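Hi,

Here is the structure I promised to pass on. Have a look at it first, and my notes follow underneath.

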Amino acid sequence: MKKILVAEDEKVMRYMIKDFLENYDFEVIQAENGLDAYVLWKNEKPDILLTDINMPKMNGIELLQRIKNTTPDFPVIVMTGVNIETSVNIANNNKANAILEKPFRMHDLVSIINKHLAL
Amino acid sequence: MIKRLHLLILFLLAFSCIYSFELNEGEQKLLKNKKAFKILVTDNNYPYEFINYNGEFDGINIDIYKTLFSKLNTKVIFALEGENVSDIDAVSSFSNNQEYREIPTTTLYTVKFYLYSSSSNIDFEKTYNIYMNNLELTQDVLPQLHKNNQYIFSDIELAYYKFKQEKDGLLLVDNLHMPQLDALTKKTEEVFAVNKLENEIEAKLWLKSEDKTSYMVISKVLNEMIYTNEISCIISRWEKSIEEKYLYEKNYSYFLIMVITFFILFLIIVFLLYKQNFIKKDLIVNSYQIINKNKELVVKNQELLGIISQAESQNLSVLDGLSNIAITLDLKGVIKYVNKSVNNILGYNTNTILGTNISSLVSPEDKTRLLRLNPDPTQQGENEIVIKSVEGFFKTFIFTTNFTKSADGETYIHCILQDISERISLDNRLKAYTTHLEDLIKQRMQVLKQSEEQFRYIVEHAYDGIILMQNFTLQLANQAFFQMIKADNSDLTNTNFSFLRIIPDDKLQWFMDKFNQATDNKENSFIITHPIITSSKEIIDVETHFTSINFTGKILDLAIMHNIEEKKAREKEMLEHEKLITVSSFAITANDKINSPLNAIQGYAELLDLQLENKSEVQENAFKNIFDSIAIINRILKRLKSLTNITLKNYNLDNHKMLNIEEEHDNSNSQHFDEITD
């Protein structure tokens with residue numbers, strides 16, 4: 001079972017993603033900020049990271065940079081709600097594997113995850 | 001013969017001198033005291049004497065003797081009692097404590113007294129301070145005086161001064177002391193303006209001591225002598241008798257004879273010597289006199305020469321000290337003298353140019369001017385010459401000349417040259433500076449004119465209305481003002497148009513209050529924002545800047561009126577824009593916060609849709625409406641994300657506006673939105 005790390009400060013969004021992905025037999029671990037997410041990424045060794053950009057303590061871009069600096073091939077999907085153009089540019093520059101603009105359809109998310117996990 | 005006579009005379013003279021110095025001690029004393037006199041009386045009575053309480057003689061009335069001494073101007077020696085003086089007894093009783101001897105006499109003597117008063121009448125009932133010199137006498141002299149009078153006894157001088165200091169006093173003087181009183185008043189050179197009361201009493205010569213008071217005895221003879229001023233005669237007579245007795249003895253007479261003889265012999269000797277040597281002495285004396293006169297003349301001549309040379313050296317030092325050049329020429333122009341200033345001013349050495357001709361220094365024309373005997377000072381430039389200095393510079397001088405003729409008939413011209421080169425240079429510089437200043441003034445006038453033209457252009461072409469008014473009556477206004485109030489220029493300039501006419505009636509009082517408040521506060525410049533009414537009755541807001549100015553002696557108000565309608569419109573736009581920015585910020589925030597819940601709704605709807613199998617038609621519609629609503633919200637959020645695309649559209653309530661965030665062509669979605677919102 002593939003393990004997905006979800007970093008999202010909005011609780012309702014985080015639980016919805018968890019519930020939906022578990023329906024597709026993924027193991028979902030959650031973090032409510034970037035710093036917790038980074039700790040979980042190091043300890044739990046997930047297969048993919050799904051992260052929001054605007055988060056407390058450590059934002060999604062910094063989390064992306066830290067992970068890509070050590071593990072460039074690790075797949076990271078970035079979710080963003082505002083300043084989409086700026087966010088996309090930054091995420092692309094930091095080699096994000098996919099960028100989803102909120103609100104997005106969950107079926108699209110599953111397709112992208114499957115694609116990057118080569119399932 | 002003559003020589004023998006001389007010898008004889010000299011012998012006699014020496015002999016007489018030796019003899020004359022052989023006076024004994026008594027004789028010398030007599031000679032020494034020859035100006036001393038003795039007071040004597042003709043009979044054996046005493047002068048003033050007093051008897052004390054013990055009945056003894058006690059002193060004398062010294063005042064009387066003082067008077068005598070002052071009259072005689074000499075000292076008095078009293079003969080001792082019992083001294084054998086033929087026919088005349090000496091004055092006795094000058095030793096104290098002698099036994100009183102009664103001298104029987106009943107003769108009465110009349111003594112005069114004078115009473116002086118500073119007031120015209122003497123009131124005998126009144127008490128006075130009475131100043132006197134003889135108490136015993138006076139108490140009996142004027143028995144009619146008040147008994148309580150204060151009798152102040154002192155000598156005549158003190159009595160007189162005390163009396164003089166007091167306003168209302170009396171001075172009682174016996175006639176014996178009158179000369180002394182007269183001397184005092186003369187001495188002080190004062191007019192002793194007092195009344196004199198003359199009185200006479202009979203004085204007893206002596207009084208027996210019954211009440212133990214002092215007695216006074218007046219010697220008859222002395223008394224008479226005093227009153228008749230005979231005392232000096234008596235003394236003279238006595239003095240003569242003394243001379244006969246003591247002084248006309250051989251010593252004194254021989255001495256006088258020898259002195260006279262010596263004098264005669266001396267005259268004879270002098271005469272003989274003079275006669276014998278007269279001619280020789282006369283010649284020698286004449287020669288000596290001539291020699292002495294010559295010597296004196298030589299000395300005087302030398303002194304004069306010294307004075308002359310001193311004067312010359314002083315003149316030379318004065319000339320050398322002059323700041324001007326002093327030069328003396330002969331008629332040919334040869335320099336005879338020049339002072340040291342020529343070195344300081346022109347650089348020439350005085351010795352080198354002495355004897356040279358002036359033509360080596362000046363032009364021929366200037367030489368002619370210098371040597372002209374009758375210069376015309378009124379002619380311009382006639383007293384100016386130019387002289388070349390050692391360095392080759394030409395210096396201008398003004399000169400004055402005068403002429404002297406020497407003893408040999410030579411005429412000399414004395415010139416004083418004053419260097420005016422610096423003054424000319426200064427004049428030229430001053431002229432140049434004046435020209436410079438004139439140019440500067442011209443330039444500035446031109447700049448001022450340009451500025452005025454620029455100012456006029458600015459005023460005429462300004463967008464703000466510019467008005468010049470006096471007591472709100474328009475004096476001048478630019479085109480912009482007329483455009484602002486939408487009036488014709490010609491309509492207003494010919495009439496006394498008041499600025500207050502463009503203030504709306506309902507704002508006139510408010511405007512005047514504002515204006516007066518500012519002027520009362522002595523604000524020279526102030527701004528009032530107020531409405532004006534145009535000729536087309538339109539009201540527009542303006543901002544007018546009032547400034548009080550002094551223009552050609554009048555106090556005028558300069559008003560610069562600025563239309564603030566556009567400004568207000570721009571401010572409104574700015575406000576709207578700020579509102580939009582606020583809304584945009586809100587939209588971004590809302591977008592960020594709505595996105596995630598919306599995404600959750602959509603996700604859960606998808607999850608339910610996935611998990612529900614065999615859905616009813618109602619369920620199918622419900623899912624469809626959920627997804628459509630999410631799509632509408634999503635679209636709105638996307639529009640809000642872009643600030644540039646946000647516009648406003650009218651809200652159907654008053655003047656409020658709302659954000660135009662919907663796409664007009666998306667009718668289907670808006671329909672769903674309306675349904676949802678309903």
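Let me start with a question: is B:K537 buried or exposed? Keep in mind that this is a predicted model. B:K537 is exposed, because it has just 8 other C-beta atoms within 10 Å and a residue counts as exposed at 12 or fewer. You'll find B:K537 in the loop between β21 (525-533) and β22 (539-551) of chain B. Its backbone caught my eye too: B:K537 isn't a glycine, yet its phi is positive, at about 65°. Most residues other than glycine have a negative phi, and most peptide bonds are trans.

There are other spots of that kind in chain B. B:K486 has a phi near 55°, again positive and again in a residue other than glycine. B:K486 sits in the loop between α15 (479-484) and α16 (489-493) of chain B. B:K486 counts as partly exposed, because it has 13 C-beta neighbours inside 10 Å. Then there is B:K522, just after α17(B), with a positive phi of about 55°. Helix α17 itself covers residues 505-520 of chain B, 16 residues in total. From first C-alpha to last, α17 of chain B reaches 23 Å, close to the 22 Å expected at 1.5 Å a residue.

Now the sheet in chain B. Five strands make an open sheet in the order β20-β19-β23-β22-β21, with antiparallel pairing. β20 (473-477) and β21 of chain B are at the edges with a single partner strand each, so one side of each has no neighbour in the sheet. On average, neighbouring strands of this sheet are turned by 35° against each other, direction ignored. If you want to zoom in on one pair, take β19 (residues 465-470) of chain B and β20(B): they run antiparallel and are joined by four bridges. B:M469 has B:L474 in β20(B) as its bridge partner.

Also in chain B, look at helix α5 (residues 156-165). Its buried residues are B:I156, B:A159, B:Y160 and B:F163. These residues are on the same side of α5(B), because they cover an arc of only 100° around the axis.

On to chain A. It has five helices and five strands, and from the N terminus on the elements run β-α-β-α-β-α-β-α-β-α. Of the 119 residues in chain A, 43% are buried. Among the contacts in chain A with a separation of 6 or more, 57% are between residues 24 or more positions apart.

One peptide bond in chain A deserves a look: the one from A:K102 to A:P103 is cis, with omega near -15°. A:P103 is in the loop between β5 (98-101) and α5 of chain A.

Finally, how many residues of chain A are in contact with chain B? There are 18 of them, in contact with 18 residues of chain B. Both α1 (11-22) and α5 (106-117) of chain A supply at least two residues each to the side that touches chain B. The largest share of that side, six residues, comes from α1(A). By class, the side of chain A that touches chain B is made up of 10 nonpolar, four polar and four charged residues.

Cheers

Key. Residues are numbered from 1 along each chain as its sequence is written. Chains are lettered from A and ligands numbered from 1 in the order in which they are written. This is a predicted model: local features need pLDDT of at least 70, side-chain atom pairs count only at pLDDT 80 or more; totals for chains, interfaces and linings use all residues. A residue is buried if 20 or more other C-beta atoms lie within 10 Å of its own, exposed if 12 or fewer, and partly exposed in between; C-beta atoms are placed from the backbone. The arc is that of the directions from the helix axis to the C-beta atoms. Two residues are in contact if their C-beta atoms, placed from the backbone, lie within 7 Å. Ala, Val, Leu, Ile, Met, Phe, Trp, Tyr, Cys and Pro count as nonpolar, Asp, Glu, Lys and Arg as charged, and the others, Gly among them, as polar. Two strands pair if DSSP finds at least two bridges between them. Axes are lines fitted to C-alpha atoms, for helices over the stretch in contact, and angles run from 0 to 180 degrees between N-to-C directions. The expected span of a helix is 1.5 Å times one less than its number of residues.
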